[in-house]
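Here is a short report on one helix and the sheet beside it. Please have the sequence and the model open as you read.

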Amino acid sequence: MQHIINSAQTCLDCKKPKCQKWCPVNTPIAEMIRLFLAGDIKEAGEKVFNNNPLSIICSLVCPHEKHCEGHCVLNKKHTPVNVGGIENYISTYYMNYKEFEKPEQNGRNIAIIGSGPAGISLAMIMAMKGYNVTMFEAQEKIGGVLRFGIPDFRLDKTILDTIEEKLLKIGVKIKKNSMIGKNITLCDLQRDGFDAIFIGTGVWRPKKLGIKGESLGNVHFAIDYLKTPKSYNLGKKVVVVGAGNVAMDVARTAIRSGAHEVQVMYRKDEEQMPAERIEKEHAKIDGVKFNLFKSPLEFTEEGIKYETTNPDEEKTQGFEDADSILIAISQTARDLIVKNNAGLSLGENGLLESDEDGRTAREGVFASGDVVTGARTVVEAVNFSKKVAVAIEEYIDTLPPKNKAS
């Protein structure tokens, strides 16, 4: 607690705070800290929550050094304000104290497919405005990438259970183990009275390298491994192919799961790794080694055949021993909904097509989050869903009136 107060007291309360400007959801950071220090933590929490219903999660998993903290003016000479820590303290307090209640219903029904950050954000926003929201989740628990794509050491999953409790209290209906696309279609949802449908199914289909050996028993896709790491027996030495944030998460999870040696194999140098700087630093601290300027040619049961890629050296081939190999080179969207529902389409990048406000080519159907943008941060998914909420309301306003439901 004291270190949070001490950091908050270093805030200069800038008139034009760059921290807020560089936050994707424009969090009122200076005002939040001012209220916090004045003893108005409940008001601070309410302002932050109303701006970002997933503030309690973003405060933990956001790349703060890229957004708010990275643009704090104190960076020039001192340590930046610990925005994430302060926001988390305030948001946790607010979620624990706030009594969420079901608002008066306006008679409009919204279906939300997927309960990841995009879906949860939209459900919270629309339900609190009086919309009758039903959320469809293919898994047995809500959270999407928050639950199955972020390691426990980065995000305590009990937070998602708390969020689910709040969603239920404001009237959101949650249908788990419900895969929308083939047996239940968008036509079925529209027939059953849903005025608007939102697709936020994320990106769960891993991209392949397309090289020999990808189907072997010791080769796994990172996004699958992160869902249930305890069910895997990776052995003593693990090589992760890829160098984004997911690759860092996978490597660190493998070490925590008992691997003695974990390498990240990447075809370029460390500076060109797509992972955030702080994620690379954390991986190094955990003991992950970076094996650079190497590109896989083939996977075998003993390891990886590779080619060196250092532009300053002659290309050679080599072999890296490995008990297990984890492929982490990004994901794309599953096409189940698109293939079985007219009016939707995937772009050349394999992602669902929509405009900047989430409108798809099919009337009354909207989409946002990773299924549209590709793998992005949680806060970016929230920001997109806020735009979609406005677009859905504008669309529903054009529909014939309905009687209000009690």
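## Buried face of helix 12

Start with what helix 12 hides: Ala247, Met248, Asp249, Val250, Ala251, Arg252, Thr253 and Ala254 are buried. The model is a predicted one.

Those buried residues have several packing partners. Among the helices, they pack against helix 11 (222-227) and helix 13 (277-285). Among the strands, they pack against strand 7 (237-241), strand 8 (261-266), strand 9 (289-292) and strand 13 (324-327).

## Length and end of the helix

Helix 12 covers residues 245-256, 12 residues in total. Its first and last C-alpha atoms are 17 Å apart. That is close to the 16 Å expected at 1.5 Å a residue.

Gly258 follows helix 12. The phi of Gly258 is positive, near 115°.

## The sheet

How are the strands ordered in the open sheet? The order is 6-13-7-8-9, with 5 strands and parallel pairing. Strand 6 (219-221) and strand 9 are the edges, each pairing on one side only. From one strand to the next, the twist averages 25°.

At the strand 6 edge, 3 bridges join strand 6 to strand 13, and the two run parallel. One pairing can be located by residue: His220 has Leu326, in strand 13, as its bridge partner.

## Helix against sheet

Which strands does helix 12 lie across? They are strand 7, strand 8, strand 9 and strand 13. Relative to strand 8, helix 12 runs at about 165°. The buried residues of helix 12 pack against these four strands too.

Conventions. Residues are numbered from 1 along each chain as its sequence is written. This is a predicted model: local features need pLDDT of at least 70, side-chain atom pairs count only at pLDDT 80 or more; totals for chains, interfaces and linings use all residues. Side-chain values use heavy atoms; hydrogens and water are left out. The expected span of a helix is 1.5 Å times one less than its number of residues. Buried means under 20% relative accessible area, exposed over 50%, partly exposed in between (1.4 Å probe, protein chains only). Contact means heavy atoms within 4.5 Å. Two strands pair if DSSP finds at least two bridges between them. Axes are lines fitted to C-alpha atoms, for helices over the stretch in contact, and angles run from 0 to 180 degrees between N-to-C directions.
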